[in-house]
Amino acid sequence: TRDFIVIREFESQPGDVFRQSDIQADLQRVFNLGIFDDVRLSLDPGDEDPRKVKVVVNIDESNTGSVGAAVGFNLRGDIFGSLSYQQDNFGGNNQKLRSEIQLSESELLFDISFTDPWIAGDPNRTSYTVNAFNRRSISLIFDGGDTDVDLPNGDTPRVNRWGGGVTFGRPISD
């Protein structure tokens, strides 16, 4: 994880009077990012002035990535397989990348999203998510209905839905 991801969660700044409650709140915000197993604080004496302290934050990073695979069957009797990838600290920037693909005899599903929980430098903590999807399936109207419809190439009519979106968000309060 890059240093600025942790530093930007601290409201306490160098030169501020040390207040245990303020530092605890800073540490809680860092821990709430959800990408660390442990966040600890240690205090070292100042180099030149014994009345000053160096605040050292020790962090144990979590394993933030995962890959998943599955095989199953649906109510139509189709066997399907799916593969997914998720990274909750993409590039060490606390960004989230998620993708999934699912394939069966009658369906193809693809879904991908990227989230940046804090656009760089924005004092209002504005976040954004970009996503795209594609879902291709056999239409239930033409599959197993009263009238069997086949295309000239022997295939069954399919419904293809694709789309995406961009979402922006801001916290209402601290």
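Phe-168 counts as exposed, with a relative accessibility of 57%. This residue belongs to an aromatic cluster that also contains Phe-90, Phe-114 and Tyr-128. The model is predicted. The briefing below covers the aromatic pairs and then the two largest pockets.

**Aromatic pairs**

- Three aromatic pairs emerge from a search of the whole structure.
- In the pair formed by Phe-90 and Phe-114, the ring centres are 6.2 Å apart and the planes meet at 80°, so the geometry is edge-to-face, given that angles over 60 degrees fall in that class.
- This pair links distant parts of the chain, as Phe-90 sits in strand 4 (residues 79–90) and Phe-114 in strand 6 (residues 107–116), 24 residues apart.
- Phe-90 has a relative accessibility of 34% and therefore counts as partly exposed.
- For Tyr-128 and Phe-168, the ring centres lie 6.4 Å apart with the planes at 45°, so this pair is classed as tilted.
- Tyr-128 is part of strand 7 (residues 127–138) and Phe-168 is part of strand 8 (residues 158–169), so their pairing ties together parts that are 40 residues apart in sequence.
- Tyr-128, at 22% relative accessibility, counts as partly exposed, whereas its partner Phe-168 counts as exposed at 57%.

**Largest pocket**

- The volume of the largest pocket is about 770 Å³.
- Its lining comprises 26 residues, and those nearest the centre are Ser-12, Gln-13, Pro-14, Ile-23 and Val-55.
- Helix 1 (3–7), helix 2 (20–31) and strand 2 (53–61) each contribute at least two residues to this lining.
- Strand 2 is the element that gives the most to the lining of the largest pocket, supplying seven residues.
- By class, the lining of the largest pocket consists of 13 nonpolar, nine charged and four polar residues.

**Second largest pocket**

- The second largest pocket has a volume of about 440 Å³.
- A set of 18 residues lines the second largest pocket, with Glu-9, Arg-29, Trp-118, Arg-125 and Pro-171 lying nearest its centre.
- The lining of the second largest pocket divides into seven nonpolar, seven charged and four polar residues.

Key:
Residues are numbered from 1 along each chain as its sequence is written. This is a predicted model: local features need pLDDT of at least 70, side-chain atom pairs count only at pLDDT 80 or more; totals for chains, interfaces and linings use all residues. Side-chain values use heavy atoms; hydrogens and water are left out. Rings of Phe, Tyr and Trp (its six-membered ring) pair if their centres lie within 6.5 Å; planes under 30 degrees apart count as stacked, over 60 as edge-to-face and the rest as tilted. Helices (H or I, at least four residues) and strands (E, at least two) are DSSP runs, numbered from the N terminus. Buried means under 20% relative accessible area, exposed over 50%, partly exposed in between (1.4 Å probe, protein chains only). On a 1 Å grid over the protein atoms alone, a cavity is a set of points where a 1.4 Å probe fits but cannot get out, and a pocket is an open set with protein on both sides within 12 Å along at least five of seven lines; lining residues have an atom within 4 Å of a point. Grid points are joined across faces, edges and corners, and a volume is the space filled by probe spheres set on the points. Ala, Val, Leu, Ile, Met, Phe, Trp, Tyr, Cys and Pro count as nonpolar, Asp, Glu, Lys and Arg as charged, and the others, Gly among them, as polar.
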